[in-house]
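Please load the model in your viewer and keep the selection panel at hand. The tour below proceeds from an annotated region to individual backbone positions.

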Amino acid sequence: MKPAPKPTPETQPFWDGTAAGELRIQRCQTCARHYFYPRPSCPHCGGDQVEWVRASGRATLYSYVINHRPAPGFEDDAPYAIAVVELEEGVRMMSNIVGVPSTPENLPLDMELRVVFEQRGDVHVPLFEPAGGRG
């Protein structure tokens with residue numbers, strides 16, 4: 001069984017969003033910039049007037065590594081891509097790339113992606129697949 005993240009009071013709105021099929025990130029109401037990972041103040045301007053907003057779910061592949069030695073719970077997925085994706089809103093997050101073989105030929109940088117969700121225990125984890133769909 002794959003490990004599942006444990007929501008905290010600070011991250012609960014993110015996990016509530018994933019359960020609803022939405023990718024939610026924070027936006028500062030002072031400087032209007034988005035950011036991720038969840039925190040109570042803006043990393044850009046220090047403002048504490050922040051809100052949760054729905055992200056588009058569209059991203060591009062920024063960087064990745066292909067893992068051939070799976071972590072516990074991921075044995076059936078190896079090899080798999082551990083990636084940094086850049087959301088359309090300008091923030092980056094770590095995730096996995098699914099729906100395409102994990103080879104360099106299938107993972108060109110700047111590839112267009114879209115979010116999908118995988119249920120793990122009580123949470124839905126955001127993963128990304130090629131924007132053209134599973135192939």
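**The annotated span**

Begin by selecting residues 52-118 of this predicted model: the C-alpha atoms at the two ends of the span lie 21 Å apart, and its content is 0% helix and 51% strand. According to an unreviewed UniProt entry, residues 52-118 carry the annotation "domain: ChsH2 C-terminal OB-fold".

**A cis peptide bond**

Next, select Ala 78 and Pro 79 and display the backbone. The peptide bond that leads from Ala 78 to Pro 79 is cis, and its omega is near -10°. To place Pro 79 in context, colour strand E4 (58-67) and strand E5 (80-87); Pro 79 is in the loop between these two strands.

**Positive phi at Asp 110**

Proceed to strand E6 (92-97) and strand E7 (112-120), and select Asp 110 in the loop between them. Although Asp 110 is not a glycine, its phi is positive, at about 70°. Is Asp 110 buried or exposed? Its relative accessible area is 59%, and because exposed means over 50%, Asp 110 counts as exposed.

**Positive phi at Ala 32**

Finally, move to the loop between strand E1 (24-28) and strand E2 (34-35), where Ala 32 is located. What is the sign of phi at Ala 32? The phi of Ala 32 is positive, at about 65°, although this residue is not a glycine. A surface display may be added here: Ala 32 has a relative accessibility of 51% and therefore counts as exposed.

Technical notes:
Residues numbered from 1 in each chain as written. Predicted model: local features only at pLDDT ≥ 70, side-chain atom pairs only at ≥ 80, totals over all residues. Heavy atoms only, no water. UniProt positions renumbered as here; feature names shortened; annotations may be inferred. Helix = DSSP H or I, 4+ residues; strand = E, 2+ residues; numbered from the N terminus. Buried < 20%, exposed > 50% of the residue type's maximum accessible area, 1.4 Å probe, protein only.
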